[in-house]
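Trainee: Before I use any label for this protein, I would like to hear how each one is justified. Could we look at it together?

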Amino acid sequence: MRPTRATDPEVTMARLSLRPGHPVRRWRPYVAVGAVAAAAGLMFSASAQLARGDEGRHPENLAQLVESESGRVERLGAQVDELQAQIDRLGGDTSSGGGTDPDLARRESVVSGSAPVTGPGLTVTLDDAPASSQSIPGVHADDLVVHQQDLQHVINALWAGGAEAMTLQGERVTSTSAFRCSGNILLLHGKVFSPPYVVEAVGDPERLQAALDASSGVQTYLDYVDWVALGWAQEPSTSLELPAYAGSTELQHATVPEGTDVFS
């Protein structure tokens with residue numbers, strides 16, 4: 001949640017506390033030195049075997065872990081894209097016989113994100129505040145970064161303003177898209193992004209702008225733009241080109257095992 005000033009009673013902050021550690025246990029003088037040496041040798045040997053058999057999978061810090069896993073996700077994503085392209089080609093071959101309303105198929109592909117979209121629209125950019133804002137009296141670190149709910153307010157307002165299609169960081173946003181912020185990074189479709197965050201929406205630019213102006217969440221963000229200089233920019237466009245969603249657009253659902261009485 002975004003921490004706010006006293007003028008925003010709807011948002012509260014949670015604080016984490018650290019529990020005191022347990023007393024340190026010490027070696028007794030009568031512990032055999034030989035037993036200690038033997039145990040240490042076994043530990044070193046096991047550690048070396050694990051390191052040889054699983055190199056590259058144990059980064060030393062969180063930044064290395066994110067970088068390592070992001071690269072692996074990108075490689076797997078490329079394989080998924082290739083397989084999805086094959087599925088789309090095979091599906092096109094089987095459905096080319098006709099029988100489907102072309103206009104309905106086009107509108108469904110726009111809604112599902114399976115087709116690229118071009119048209120007028122609006123681009124919104126959000127960014128963290130400059131380092132100099134740390135000197136503002138009463139400011140906290142959380143006041144200076146773009147939060148998940150800030151992006152959610154913008155995206156929801158654009159949908160409410162009649163957006164036909166949308167991207168976040170160049171990734172097509174669909175009904176099944178989910179993103180979350182961890183610190184000052186954004187996780188979306190298995191990829192990691194850093195600010196500035198760019199949202200592009202195809203639709204009537206005036207309606208989209210009016211929807212942003214009517215959103216209370218967006219207006220709260222703009223209060224912080226005035227206070228701590230969070231980044232904010234809006235740019236109408238006569239022609240935006242949004243790519244198709246790169247992942248699978250097939251929805252999956254759960255089923256109850258056969259013979260299960262859900263009312264018992």
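Mentor: Leucine 168 is a good place to begin; leaving aside residues up to four places away in sequence, leucine 168 touches Leu151, Ile155, Val173, Phe179, Leu186, Leu188, Val198 and Val199. Please keep in mind throughout that this is a predicted model.

Trainee: Which core does Leu168 belong to, and which residues have the most contacts inside that core?

Mentor: Leu168 belongs to the largest nonpolar core, which has 33 residues, and Leu151, Leu158 and Leu168 are those with the most contacts inside it. Two or more residues come from each of several elements, including strand E1 (117–127), helix H4 (148–160), strand E2 (165–168) and helix H6 (216–228). The largest share, six residues, is given by H6. A second core, separate from this one, has five residues, among them Val117, Ala165, Val202 and Leu240.

Trainee: What makes a set of residues a nonpolar core?

Mentor: The members must be buried residues of the nonpolar kinds, joined through side-chain atoms within 4.5 Å. As a general background, nonpolar side chains in soluble globular proteins tend to be buried together.

Trainee: How do you know that E2 and E7 are paired, and in which sense do they run?

Mentor: Pairing asks for at least two bridges between the strands; E2 and E7 are joined by four and run antiparallel, so they satisfy the definition. Within this part of the model, leucine 168 stands opposite valine 199 in E7.

Trainee: What is the order of the strands in the open sheet, and what makes E3 and E8 its edge strands?

Mentor: The sheet has five strands in the order E3-E2-E7-E1-E8, with antiparallel pairing. Strand E3 (171–172) and strand E8 (231–242) are called edge strands on the ground that each pairs on one side only. Further along that order, six bridges join E1 to E7, where glycine 121 stands opposite valine 202, and ten bridges join E1 to E8, where threonine 118 has glutamate 241 as its bridge partner. Helix H5 packs on this sheet, touching E1, E7 and E8, and its direction makes about 30° with that of E1.

Trainee: Outside that order, how many bridges pair E4 with E5, and which side chains of E4 are buried?

Mentor: E4 and E5 pair over four bridges in the antiparallel sense, with phenylalanine 179 opposite leucine 188 in E5. The side chains along E4 alternate, in that Phe179 and Cys181 point to one face and are buried, whereas Arg180 and Ser182 point to the other face and are not. The hairpin of these two strands has two residues between them, and glycine 183 takes a positive phi near 65° there.

Trainee: Why is the contact between lysine 191 and glutamate 171 called a salt bridge?

Mentor: The cut-off is a nitrogen of the Lys or Arg side chain within 4 Å of a carboxyl oxygen of Asp or Glu. The side chains of lysine 191 and glutamate 171 meet at 2.9 Å, N to O, which is within that limit, so the name applies. A search of the whole structure finds one salt bridge. Lysine 191 lies in strand E6 (residues 191–193) and glutamate 171 in strand E3, so the pair ties together parts that are 20 residues apart in sequence.

Trainee: Are the two partners of that salt bridge buried or partly exposed?

Mentor: Buried means under 20% relative accessible area, and exposed means over 50%, with partly exposed in between. Glutamate 171 has 12% and is therefore buried, while lysine 191, at 32%, counts as partly exposed.

Trainee: Why is the aromatic pair of tyrosine 221 and tryptophan 232 called tilted?

Mentor: Ring centres must lie within 6.5 Å, and planes under 30 degrees apart count as stacked, over 60 as edge-to-face and the rest as tilted. Here the centres are 5.7 Å apart with 55° between the planes, so the pair falls under tilted. Tyrosine 221 lies in helix H6 and tryptophan 232 in strand E8, so parts eleven residues apart in sequence are tied together. Tyrosine 221 is itself buried, with a relative accessible area of 2%, and the structure holds two aromatic pairs.

Definitions and conventions
Residues are numbered from 1 along each chain as its sequence is written. This is a predicted model: local features need pLDDT of at least 70, side-chain atom pairs count only at pLDDT 80 or more; totals for chains, interfaces and linings use all residues. Side-chain values use heavy atoms; hydrogens and water are left out. Buried means under 20% relative accessible area, exposed over 50%, partly exposed in between (1.4 Å probe, protein chains only). Contact means heavy atoms within 4.5 Å. Axes are lines fitted to C-alpha atoms, for helices over the stretch in contact, and angles run from 0 to 180 degrees between N-to-C directions. Rings of Phe, Tyr and Trp (its six-membered ring) pair if their centres lie within 6.5 Å; planes under 30 degrees apart count as stacked, over 60 as edge-to-face and the rest as tilted.
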